[in-house]
Amino acid sequence: MTTWAEAEMGKFLLATYRLRILFRGVFLLLALATVGLALSVLQQEKQLSYNNYQSNFNKTRLQISATLRHPAGQLALLNPPADAKRASLRPLLLPYSAIDFDDQNKVQQAIAMSGCLVQYGNEGALCSGIGNNPWAGGFIYIAGNFNSSQLVSHKRGNESLTQAHRLKVSVSLRGQTYRWIAPFEEEIAPARQNQGVRGRWTGFNESEANRPNARPVKDFRGWAWQQAICNQADLDDKDTDCQKNTFFSLRLPIPVLQEALFEKKRPVWPPQDLDQMEVSIAVLPPDSDTALLDSKSTPTATPFSLKDLQDNLLPGETLRIRKRDAQDSKDSKDDLINLTGIVEQSDESWNIITRLIRRLPVDEYDVPLESRETISTPLANYEVLLKGDVRSVSKSLSVVASRVSWFVGAMLLALTLAWLLIEVSIIRRITLLTKRAVSLSKTMKGAGELEQFDVSDLRSPDELGVLASCLHDLLRRVKEDVERETIRTEQEKEMWHAVGHEIMSPLQSLMALHGTADNQSNRYISRMQQAIRVLYGSASPSEAFQSTVLQVSEIDITLFLKNVADNAPMVDIPDVVYQGPDEVIMVKADEYSLEDVVTHVLRNAQRYRKTDSSISIRLQDSETAVTITIHNDGPHIAEDLIDKIFEYGVSDQHDSGANGNRGQGLFVAKTYMAKMGGTINVQNVDQGVSFALTLQRGNP
């Protein structure tokens, strides 16, 4: 027959293994759930990737087609790829037959739409091109803008060209170089409001420019339009430092190109050596060779190129562009451009992950997507072939899954470590603690004190139930410690009460000796009495300051600040200057508490200001509030302290406690300002630190 002791032992053994079985089952389920969740998410991501790929492919096709049909795309199709090593400006074949260089709006619209501008930072921009119609004449067009002061015009009859703004232009092609000097000649027109300067660029051959009676080049034409207003809004239009934007356009006659148009054979257009032509232009100010804009300088942005389409391609996609007459050729040399979407390195994915993704049951697309379109330009038609590879989606997903697998493995490892930790460090120790807690509980019950705390709802036949019984005893001891701490706090409070009483007695005697209103000591003794009343009977200075009640009334803040500035040297704060109005301004404040606030801020400014510098007190008022700004010339407050200096006990001095600076002055200032309905803030300024105190205005 089973005895009572054996039954109790059986329950104890069952309780010992119950939590172990529970924890092991929970951790096994968590591991299976983690693996299942990872596979489910991976399957959904694969399905979504395949579903979205075709939609993204169509978006890419439409985006590339729209880009190439735009004038900027047409410009890229019509011009051969530029040599990356060449920094000089070269003429581009424009998607227009010619440019109406005499009309500012038309020129600006043409170059903006074509996207041919080369940017040179803040110096300006340039566009050089030729028309796509050979019978428009052998001209090279240059347009752009630059910043300069008021354009200085060249006076006719003056042989020197350097006294005016001028262009220095050169074109090199087919072994020949043409050079021109083009001074600016202002056009006299009726004055209009907000009308800028307008004029011509008169071109001279560089070799004949300085000769007497030099004749301008007949077919060299150019215009300049300078704005009437300055680029800087804070400068006057007549200021010598005023920089204005100038837009200009040029038409350069190229005899070699013009002669080729009238040969017996049909002219080849665009010229086959177009990418070998070089254009150089520099904008020179009067009496200086330092260019305002130079095409030989390194550009900051270049026109759109077909290579830029690579950013639109998805991983694995290929883009081929070739002329229509070469579309059946398989030679890659006939391709105008051949681009491939960037694919992440294959070694970043695991083969086992790739094989797992392929086995996931989702719809697959084995046939790559393909799109063909024809883009028409004024000179030729181009075939655009875009191919997609659905397998790239699997590769990309495999790369992502390989990275995520580290997190899944880490989660499984964390679960395993957590199980081992609970099994070895917690369950085993709880078993030992249960045995010892039973013995301890019996000892505590003998004292007859367990009934003071009811833990019946927490008791159970397992280890935690035994620990709940022991918690009763621990909480009882905690209660005793709290009672002892309360007694100690009351004793400290009585000590503060006694100290305050002993200090108040001599202060009352001092008040009797210095009680007259004209005695300057009267104010400071009164402030000492108020400070003792705040701390009187309190156990903590911070609690005392927060619990004190101020006597808010209306005071003349102008007279108050003047007295503070005059009396500051008496408390060892010299060179305090009041800056503000002299009329009476009433504010709502407690006079003694406000003086404490200002004094604390002044002492802080005195501590950090530079030698022989003054502390200024400025007063500004509005209809509802008054702002007092106290500024000192000194080092800035550290960024990590500027939001904490008003907290109790915060100081940037490591030995502040030894020097009597306990970090309570600014805490007192903020507390008093809040009780008076005001605010206090601090900020770093250009020359030091400024504290801003805001108070409510009283009745006038």
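Let me start with a term: a polar contact here is a pair of N or O atoms within 3.5 Å, where, within protein, one atom must be able to donate a hydrogen and the other to accept it. With that in hand, and remembering that what we are looking at is a predicted model, I would like to begin at Arg-609, where the backbone oxygen of Pro-574 lies 2.6 Å from a polar atom of the arginine side chain.

Arg-609 sits in the loop between helix H11, residues 591–608, and strand S20, residues 615–621. What is the nearest side chain of opposite charge to Arg-609, and how far away is it? That side chain is Asp-575, at 4.7 Å, and Arg-609, although buried, has no salt bridge. The cut-off matters for this step, because a salt bridge requires a side-chain nitrogen of Lys or Arg within 4 Å of a carboxyl oxygen of Asp or Glu. Besides the backbone oxygen of Pro-574, the side chain of Arg-609 reaches the backbone oxygen of Ser-613, at 3.1 Å. If we leave aside residues up to four places away in sequence, Arg-609 touches Ile-573, Pro-574, Asp-575, Ser-614, Ile-615, Asn-632, Asp-633 and Gly-634.

Asp-575 deserves a word of its own, since this residue has a positive phi of about 60 degrees although it is not a glycine. Asp-575 is placed in the loop between helix H10, residues 557–567, and strand S18, residues 576–579, and it is partly exposed, with a relative accessible area of 45%. Asp-287 likewise has a positive phi, of about 55 degrees, without being a glycine, and its place is the loop between strand S11, residues 278–284, and strand S12, residues 293–294. Is Asp-287 buried or exposed? Asp-287 is exposed, at a relative accessible area of 61%.

Let me turn now to the charged pairs, of which the count comes to 13 salt bridges. One of them is formed by the side chains of Arg-198 and Glu-187, which meet at 2.3 Å, N to O. Arg-198 belongs to strand S7, residues 197–201, while Glu-187 is in the loop between strand S6, residues 176–186, and S7, so this pair ties together parts that are eleven residues apart in sequence. Both partners are partly exposed, Arg-198 at 27% relative accessibility and Glu-187 at 30%.

Another salt bridge joins Arg-372 and Glu-383, whose closest N and O atoms are 3.9 Å apart. Here Arg-372 lies in strand S15, residues 370–376, and Glu-383 in strand S16, residues 381–387, so that parts eleven residues apart in sequence are tied together by the pair. As for accessibility, Arg-372 counts as partly exposed at 49%, whereas Glu-383, at 8%, counts as buried.

A further example is the pair Asp-621 and Arg-697, whose side chains meet in a salt bridge of 3.1 Å, N to O. Because Asp-621 lies in strand S20 and Arg-697 in the segment after strand S23, residues 688–696, this pair ties together parts that are 76 residues apart in sequence. Asp-621 is partly exposed, with a relative accessible area of 38%, and Arg-697 is partly exposed as well, at 23%. There is also a network, in which salt bridges that share partners join Arg-61, Arg-69 and Glu-373.

From strand S20 we can move to Thr-629, which lies in strand S21, residues 625–632, and which counts as buried at 13% relative accessibility. Which residues does Thr-629 touch, not counting those up to four places away in sequence? They are Ser-616, Ile-617, Arg-618, Ser-690 and Phe-691.

At the other end of the numbering, Leu-22 lies in helix H1, residues 4–69. Together with Val-26 and Leu-30, Leu-22 makes a nonpolar surface patch of about 240 Å².

To finish, let me step back to the chain as a whole, which has twelve helices and 23 strands. Of its 700 residues, 39% count as buried, and the accessible surface comes to about 40,700 Å², of which 52% belongs to carbon and sulfur atoms. Among contacts between residues at least 6 apart in sequence, 68% join residues at least 24 apart.

How values were computed. Residues are numbered from 1 along each chain as its sequence is written. This is a predicted model: local features need pLDDT of at least 70, side-chain atom pairs count only at pLDDT 80 or more; totals for chains, interfaces and linings use all residues. Side-chain values use heavy atoms; hydrogens and water are left out. Helices (H or I, at least four residues) and strands (E, at least two) are DSSP runs, numbered from the N terminus. Buried means under 20% relative accessible area, exposed over 50%, partly exposed in between (1.4 Å probe, protein chains only). Patches are made of residues with over 30% relative accessible area and no salt bridge: like charges are joined within 9 Å, nonpolar side chains (Val, Leu, Ile, Met, Phe, Trp, Tyr) within 5 Å. Accessible areas come from the Shrake-Rupley method with a 1.4 Å probe; for residues, only the protein chains shown count as cover. Lys and Arg count as positive and Asp and Glu as negative; His and the chain ends are not counted. Contact means heavy atoms within 4.5 Å.
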